[in-house]
Amino acid sequence: MREELKQVCGIDMASKKFDVCFKQRDIEGNVAIKGTRTFKNTPGGFMEYLSWIDKRKKEDYLLHVVEATGVYHENLCYFLNDRSERISVQLAQKAKYFIKSLNIKTKTDKVDAAALADMGMSRKLDPWKPLSKNFRDIRDLTRTLVRLKEHVVVASSQIHALKASHSVREESLSLMTDLVKRQKELIDSCERCIFELI
């Protein structure tokens, strides 16, 4: 049975750079690597990547398979989406299990990029859809709220330890108390912003 031409670019993201592996399956079912490269995780790097891809793809159809790495993949995904590129973002755990199923022992960014390309070749992956601006704002604020609450817990524990210390300097206790008070004010402000957006 003859297959359709399929082109997939696996993308392994990091904070400063991203590694890519461009694979193509021809109508006879043969899979070949058409190129690998590393780009900077910057707008200039995104433009270079798009130019590099355009020289290699034979059809308009190309799937970019990106592993979700914290927030480091987001700018590239929005950049590609704005240019009507097809993207599938895979959770790190899902990508990890797929790579494990290939029995790959080596763990490098280039190997991961190639495995992500294989994932796009062998599976029907859901397309990535960008979050609405409102939803992104709520997500970012809730993450900030969690961090603020964690800081209050840490600072409160430090105050408790200071109070139990021998001959603690009053300024230390006063500064830590002021810090917790300010953090609680920020928590209230953050919660108000979230409720307003909701």
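In the predicted model, D12 is buried, with a relative accessible area of 5%. Its place is in strand β1. When residues up to four places away in sequence are not counted, D12 touches K17, F18, D19, E67, D109, D112, A113 and L116. The preceding residue, I11, was examined in the manner of D12. Leaving aside neighbours within four places in sequence, I11 is in contact with F18, D19, V20, Y49, H64, V65, V66, E67, L76 and L116. F18, D19, E67 and L116 thus appear in the list for I11 and also in the list for D12.

I11 also belongs to the largest nonpolar core, which has 21 residues. Within this core, I11, F18, V20, Y49, W52 and L76 touch the most other members. Two or more residues are given to the core by each of strands β1 (6–13) and β2 (17–25) and helices α1 (43–56) and α2 (74–82). A second core of 12 residues is separate from the largest one and includes L148, V152, L162 and V180.

Aromatic pairing was examined next. The count of aromatic pairs comes to 8. In one of them, the ring centres of F39 and W52 are 5.7 Å apart and the planes stand at 70 degrees; the pair is edge-to-face because this angle is over the 60 degrees required. F39 lies in strand β3 (residues 31–40) and W52 in helix α1, so the pair ties together parts that are 13 residues apart in sequence. Both F39 and W52 are buried. F46 and F79 form an aromatic pair that is tilted, with 5.4 Å from centre to centre and 45 degrees between the planes. This pair links distant parts of the chain, as F46 is in helix α1 and F79 is in helix α2, 33 residues away. F46 and F79 are likewise buried. The four residues of these pairs belong to one aromatic cluster, formed by F18, F22, F39, F46, Y49, W52 and F79.

Helix α2, which holds F79, has further buried positions. The buried residues in α2 are E74, L76, C77, Y78, F79 and L80. Their packing partners are β1, β2, α1, β4 (63–67), β5 (86–90) and α5 (133–164). Just after α2, S84 takes a positive phi of about 60 degrees. S84 is found in the loop between α2 and β5 and is exposed, with a relative accessible area of 67%. A second residue other than glycine with a positive phi is S167, where the value is near 55 degrees. S167 lies in the loop between α5 and α6 and counts as exposed at 65% relative accessibility. For context, most residues other than glycine have a negative phi.

The packing of helices α3 and α4 was then considered. The axes of α3 (residues 92–101) and α4 (residues 109–122) come within 10 Å and cross at roughly 90 degrees. The two helices are therefore roughly perpendicular to each other, since angles of 65 to 115 degrees fall in that class. On the α3 side, the contact is made by K94, A95, F98 and I99; on the α4 side, it is made by D112, A115, L116, D118, M119 and S122. By class, this contact has 6 nonpolar, 1 polar and 3 charged residues. Of the α4 residues in this contact, D112 and L116 are also among those touched by D12.

Two partly exposed helix positions were also examined. S51 has its place in helix α1 and counts as partly exposed at 36% relative accessibility. From C-alpha to C-alpha, S51 and K124 are 26 Å apart in space, with their positions 73 residues apart in sequence. T177 has its place in helix α6 (residues 170–197) and, at 39% relative accessibility, counts as partly exposed. T177 and L131 are 46 residues apart in sequence, and their C-alpha atoms are 39 Å apart in space.

Methods
Residues numbered from 1 in each chain as written. Predicted model: local features only at pLDDT ≥ 70, side-chain atom pairs only at ≥ 80, totals over all residues. Heavy atoms only, no water. Core = buried A, V, L, I, M, F, W, Y, C linked by side-chain atoms within 4.5 Å. Buried < 20%, exposed > 50% of the residue type's maximum accessible area, 1.4 Å probe, protein only. Helix = DSSP H or I, 4+ residues; strand = E, 2+ residues; numbered from the N terminus. Contact = heavy atoms within 4.5 Å. Axes fitted to C-alpha atoms, helices over the stretch in contact; angles between N-to-C directions. Parallel < 35°, antiparallel > 145°, perpendicular 65-115°, else oblique. Nonpolar A, V, L, I, M, F, W, Y, C, P; charged D, E, K, R; others polar. Phe/Tyr/Trp six-rings, centres within 6.5 Å; stacked < 30°, edge-to-face > 60°.
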